[in-house]
Amino acid sequence: MTLSVAVIGCGAIGSIVARALHDGDVPDARLAGVVDPAGAGGLPELSLDAALGTAGLVVEAAGQRALAELGPRVVASGTDLLVVSIGALTDDALLDRLNGAGTGRVHLASGAIGGLDMLRAAARMGPLDAVRIVTTKKPAGLVQPWMDAAEADRVRSATGPLEVRRGPAREIAAAFPKSTNVAAAVALAAGNWDVVEAVVMADPGAALTSHVITASGPAGEYRFEIRNRPSPRNPTTSEVVPYAVLKAVGDLAARTGVFR
């Protein structure tokens, strides 16, 4: 049976996901259409209501606000939802709304990082003692609207590695909504927002975006280092992210042979 998939958002992530589904690049999955008021770049377009009437899975790739506004409607309809904008789940109320909205299942895309399966397994054996994620990106993508002029200039004019902000994962994910979905993903995998420290670094010499995750607990000690190419269309995200989403869609469509 072929899984019918609707994609919310046709930006740097959603456009690649939708095109691959439309072109038949994911076995046992096909594109129902794209939900995006800005257009779908020549791909089939749907309203959200139409998508919920035809799709078995909706991929959210439109940002945190779209997830908050549309995600509960998807789940309430009984349709499964694959979340890309995981940083929105810093809001416990939104996560509760998604989990309690209806019979649709909520899936989380791993996005730009790996190792989440091991963190979940280790945390299941026993609570993790400490987890840290250090994210390093080029300065321009880290300037935020809440920064005053002096802080923004400090980040933009960095001549070498510069610590921009350090704090609890929930705080950092909310402060850098386009750059630190990964901090939220790590915290959700660890099962404890409070145990995860997140550090954001600006480095003008960083050709690749890096995420270094360290963790320790009763199961052992772990270190994962991921270095991704930034998306040429949107440097705040990694070029690999839409392919991680496609991998997740493929796993949901597959009947056998999937790592769990």
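Start by selecting strand β1 (residues 3-8) and strand β3 (residues 57-60): the two pair in the parallel sense, over 4 bridges. Keep in mind along the way that this is a predicted model. For a landmark in that pairing, click on V7, which stands opposite V59 in β3.

**The parallel sheet**

Now widen the selection to the sheet around β1 and β3. What is the strand order of this open sheet of 5 strands? Reading across, you get β2-β1-β3-β4-β5, and the pairing is parallel. Look at the two ends next: β2 (29-35) and β5 (106-108) stand at the edges, and each has a single partner strand, so one side of each is left without a neighbour in the sheet. Turn the view to look along the sheet and you can follow the twist, which averages 25° from one strand to the next.

**Helices α3 and α4**

Select helix α3 (residues 64-76) together with helix α4 (residues 92-100). Their axes are 8 Å apart, and the helices pack at an angle of about 20°. Angles under 35 degrees count as roughly parallel, and α3 and α4 are therefore roughly parallel to each other. Show the side chains where they touch: α3 brings L67, A68, G71, P72 and V75, while α4 brings L94, R97 and L98. Colour that patch by class and you'll have 6 nonpolar, 1 polar and 1 charged residues in the contact of α3 with α4.

**Helices α1 and α9**

Next up, a pair that draws on both ends of the numbering: helix α1 (residues 14-22) and helix α9 (residues 241-253). The axes of α1 and α9 come within 8 Å and cross at roughly 45°. α1 and α9 are therefore oblique to each other, and their crossing is right-handed. Which residues of α1 and α9 make the contact? On α1, pick I16, V17, A20 and L21; on α9, pick P242, Y243, V245, L246 and V249. Class colouring gives 9 nonpolar residues for the contact of α1 with α9, with no polar and no charged ones.

**Stepping back to the domains**

Zoom out and colour by domain. The domain assignment gives domain 1 as 3-111 + 240-253, and domain 2 as 116-228. How far apart are the centres of domain 1 and domain 2, taken over C-alpha atoms? They are separated by 25 Å. The contact between them takes 12 residues from domain 1 and 11 residues from domain 2.

**The mixed sheet**

Move over to the other sheet. It is also an open sheet of 5 strands, here in the order β7-β8-β6-β9-β10, and the pairing is mixed. At the edges you'll find β7 (162-168) and β10 (220-228), each with a single partner strand, so one side of each is left without a neighbour in the sheet. The twist here averages 10° from one strand to the next.

To see the mixed pairing, select strand β6 (residues 130-137) and work outwards:

- Add strand β9 (residues 209-217): 7 bridges join β6 to β9, and the two run antiparallel. A good spot to check is A130, whose bridge partner in β9 is S216.
- Add strand β8 (residues 196-202): β6 and β8 run parallel, joined by 7 bridges. Here, K137 has A202 in β8 as its bridge partner.
- Add β7: 6 bridges join β7 to β8, and these strands run antiparallel. L162 stands opposite A202 in β8.

**Helices on the mixed sheet**

Keep the sheet on display and bring in α8, which lies across β6, β8 and β9 and runs at about 165° to β6. Then select the pair itself, helix α5 (residues 116-125) and helix α8 (residues 181-190): these pack at an angle of about 30°, with their axes 7 Å apart. α5 and α8 are therefore roughly parallel to each other.

For the last close-up, show the side chains between the two helices. L116, L119, R120 and A123 in α5 meet A185, V186, A189 and A190 in α8. By class, the contact of α5 with α8 has 7 nonpolar, no polar and 1 charged residues.

How values were computed: Residues numbered from 1 in each chain as written. Predicted model: local features only at pLDDT ≥ 70, side-chain atom pairs only at ≥ 80, totals over all residues. Heavy atoms only, no water. Axes fitted to C-alpha atoms, helices over the stretch in contact; angles between N-to-C directions. Parallel < 35°, antiparallel > 145°, perpendicular 65-115°, else oblique. Left-handed = near helix turned anticlockwise from the far one by under 90°. Contact = heavy atoms within 4.5 Å. Nonpolar A, V, L, I, M, F, W, Y, C, P; charged D, E, K, R; others polar. Pairing = 2+ DSSP bridges. Domains from an automatic or database assignment.
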